[in-house]
Amino acid sequence: MIRPLAKAEYYEKHPPFNLQGIIMSPYGLMIGFAIFAIVVMPMLKVDPNEYKELMGDKQAKEALVGGSSDITPAQPRLS
C-alpha cells in the first residue's frame with residue numbers, strides 16, 4: 001500500500017498584512033505628502049505683520065550688540 005509523505009498544498013499561503021509596505025508604496029507616499037500639505041503647511045505660514053515685527057526686533061538686537069549677523073566678511077573696496 002502507498003502512503004503519502006506530506007499533505008498536498010494546492011494554494012500558496014497569503015503573506016501577512018504589512019503596514020510598512022503600504023506606507024512605502026508610491027500611493028502611500030502620495031497620501032502622506034497630501035496629509036502633510038493639508039495639515040502642517042498651513043501652520044508654517046507667517047503673518048506679514050508678525051514677520052515685520054520679528055525683523056524689527058532682530059535689527060534692534062543687532063544695534064545693541066553693535067555687529068552684524070552676516071557670516072561673510074566685508075569685501076574690500078577696489079577704488
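**Nonpolar patch.** I looked for nonpolar side chains on the surface of this predicted model. I found a patch formed by Phe17, Leu19, Ile22, Ile23, Met24 and Leu29. Together these residues have about 650 Å² of accessible area. I then asked which element gives the patch its largest share. That is helix 1, residues 19-23, with 3 residues.

**Phe17.** I checked where phenylalanine 17 sits, and found it in the segment before helix 1. Is phenylalanine 17 buried or exposed? Its relative accessibility is 68%. The cut-off for exposed is over 50%, so phenylalanine 17 counts as exposed.

**Whole protein.** I went through the secondary structure and noted 3 helices and 0 strands. Along the sequence this reads as α-α-α. Next I looked up how many of the 79 residues count as buried, and the entry is 0%. A residue would need under 20% relative accessible area to be called buried. I also wrote down the accessible surface of the protein, about 8,700 Å². Carbon and sulfur atoms hold 65% of that surface.

**Helix 3.** I took helix 3, residues 48-65, and compared its length with what is expected. At 1.5 Å a residue, its 18 residues should span 26 Å. The C-alpha atoms at its ends are 26 Å apart, so the two values agree. Last, I asked how many of the 18 residues of helix 3 are buried. The number is 0, so I noted helix 3 as lying largely in the open.

Technical notes:
Residues are numbered from 1 along each chain as its sequence is written. This is a predicted model: local features need pLDDT of at least 70, side-chain atom pairs count only at pLDDT 80 or more; totals for chains, interfaces and linings use all residues. Side-chain values use heavy atoms; hydrogens and water are left out. Patches are made of residues with over 30% relative accessible area and no salt bridge: like charges are joined within 9 Å, nonpolar side chains (Val, Leu, Ile, Met, Phe, Trp, Tyr) within 5 Å. Accessible areas come from the Shrake-Rupley method with a 1.4 Å probe; for residues, only the protein chains shown count as cover. A salt bridge is a side-chain nitrogen of Lys or Arg within 4 Å of a carboxyl oxygen of Asp or Glu. Helices (H or I, at least four residues) and strands (E, at least two) are DSSP runs, numbered from the N terminus. Buried means under 20% relative accessible area, exposed over 50%, partly exposed in between (1.4 Å probe, protein chains only). The expected span of a helix is 1.5 Å times one less than its number of residues.
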